[in-house]
Amino acid sequence: MASAQELTGTVVDPLDFPLASPPPGAVQNLANPESRAYQIYAISAVFLALTISFLLIRLYAKLYIQRSRTWDDSVISYTGVIITVVSEPGGAKHLWDTTIGDFSDKGFIEELVVVALYGPVIFLVKLALFLLYLHLFGRLRWLRWLVWLGILVTGCFYVSGPIVVFTLCAPSRGDSWLGMSFKSKCRNGLQDYGVAQGTINLLSDFYLLVVPIPAVLALQLPKKKKIGVIAIFMTGFLACIVSTVALGLRITYNKTADITWNVITLYIMT
């Protein structure tokens, strides 16, 4: 029997093959596929601008108005610089609009670098908050112990992220970076590590939320001011909500039929 190539007289590039067939009701469009790239670009731009703006306002207030600087200011500055460097949004199409040629060694390495840096960057954010607690309530011995415990646990986990990521996905002799992305050791290992990372994110966010509350309640302040201070710290509850949603997405996204499309929601939440 003649092949499709012999019948049509055309050569089909294997790199142009889609990763999946479209489900019922969906239309495949390899020439001009729908993409969620604009969502990543828009959200990254907005939050990056907000991050840099608040960072500059804080540094101006501390350095030029209060004329003082603490360790949490330094950590926040370094975190702002790193976020600026690694905030490079990508795009995503439906799985059936994604071809083999959309993947490459270079693209996979860049993805691994971003995943590896995520942990250390998150640790710097949490470290800045822990140092702020030491600056505000450092006279309380029990709080100092809780803060250093939090720094030790989160630091050991997050800083080890690059080692874990590249141990799982670095190719051995004879393998390629792209080839490793299809192996279960790398693919499933990254998913399991992502779930563990999401769990630590959630637990540490609640830890950061709860630790300063007894110290705030013990402050000799009028009731209204004390409520206001507690309300400021309770804004951290929003981080707990986001971490909860992100953890749920980390657990379920790999089980969806359209992973390349749905994973963007996880990127946005994290």
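# Exercises on an all-helical predicted model

A polar contact of 2.4 Å links the side chain of Asp205 to that of Ser243. The model is predicted, and the exercises below start from this pair.

## Exercise 1. The surroundings of Asp205

Task: place Asp205 in the fold, decide whether Asp205 is buried or exposed, and list its contacts.

Solution.
- Step 1. Asp205 lies in helix 8.
- Step 2. Its relative accessible area is 11%. The limit for a buried residue is under 20%, so Asp205 is buried.
- Step 3. With neighbours within four places in sequence left aside, Asp205 is in contact with Lys126, Ala239, Cys240 and Ser243. Ser243 is also the partner in the 2.4 Å side-chain polar contact.

## Exercise 2. Lys126

Task: find which helix holds Lys126, state its burial, and name the residues that Lys126 touches.

Solution.
- Step 1. Lys126 belongs to helix 4.
- Step 2. A relative accessible area of 6% makes Lys126 buried.
- Step 3. Not counting residues up to four places away in sequence, Lys126 touches Tyr158, Asn201, Ser204, Asp205 and Leu208.
- Step 4. Ile122 is also in helix 4, and because its relative accessibility is 17%, Ile122 counts as buried. Leaving aside neighbours within four places, Ile122 is in contact with Tyr158 and Asn201, two residues that also appear among the contacts of Lys126.
- Step 5. In an α-helix there are 3.6 residues a turn, so residues three or four places apart point the same way.
- Step 6. The C-alpha atoms of Ile122 and Val159 are 9.4 Å apart, with their positions 37 residues apart along the chain.

## Exercise 3. The geometry of helix 4

Task: compare the span of helix 4 with the expected value, and locate its bend.

Solution.
- Step 1. Helix 4 covers residues 105-137, which is 33 residues.
- Step 2. From first C-alpha to last, helix 4 reaches 49 Å, close to the 48 Å expected at 1.5 Å a residue.
- Step 3. A bend of about 30° is found at Tyr118, and the proline Pro120 follows within four residues.
- Step 4. Pro120 is touched by Pro162, which also touches Ala116, not counting residues up to four places away in sequence. Pro162 is in helix 6 and is partly exposed, with a relative accessible area of 25%.
- Step 5. The C-alpha atoms of Pro162 and Val114 are separated by 9.5 Å, although these residues are 48 apart along the chain.

## Exercise 4. The nonpolar cores

Task: describe the largest nonpolar core and state which helix gives the largest share of its residues.

Solution.
- Step 1. The largest nonpolar core has 29 residues, and those with the most contacts inside it include Leu127, Tyr133 and Phe137.
- Step 2. Helix 4, helix 5 (141-159), helix 6 (161-169), helix 8 (184-210) and helix 9 (213-217) each supply at least two residues of this core.
- Step 3. The largest share, 13 residues, comes from helix 4.
- Step 4. A second, separate core has six residues, among them Ala92, Tyr253, Val263 and Ile264.

## Exercise 5. The whole chain

Task: summarise the secondary structure, the burial and the range of the contacts.

Solution.
- Step 1. The protein chain has twelve helices and zero strands.
- Step 2. Of its 270 residues, 33% are buried.
- Step 3. Among contacts with a separation of 6 or more, 76% join residues 24 or more positions apart.
- Step 4. The accessible surface comes to about 16500 Å², and carbon and sulfur atoms account for 69% of this surface.

Conventions
Residues are numbered from 1 along each chain as its sequence is written. This is a predicted model: local features need pLDDT of at least 70, side-chain atom pairs count only at pLDDT 80 or more; totals for chains, interfaces and linings use all residues. Side-chain values use heavy atoms; hydrogens and water are left out. The expected span of a helix is 1.5 Å times one less than its number of residues. The bend at a residue is the angle between axes fitted to the seven residues ending there and the seven starting there. Buried means under 20% relative accessible area, exposed over 50%, partly exposed in between (1.4 Å probe, protein chains only). Contact means heavy atoms within 4.5 Å. A nonpolar core is a set of buried Ala, Val, Leu, Ile, Met, Phe, Trp, Tyr and Cys residues joined through side-chain atoms within 4.5 Å. A polar contact is a pair of N or O atoms within 3.5 Å; within protein, one must be able to donate a hydrogen and the other to accept it, and residues adjacent in sequence count only if both atoms are side-chain atoms. Accessible areas come from the Shrake-Rupley method with a 1.4 Å probe; for residues, only the protein chains shown count as cover.
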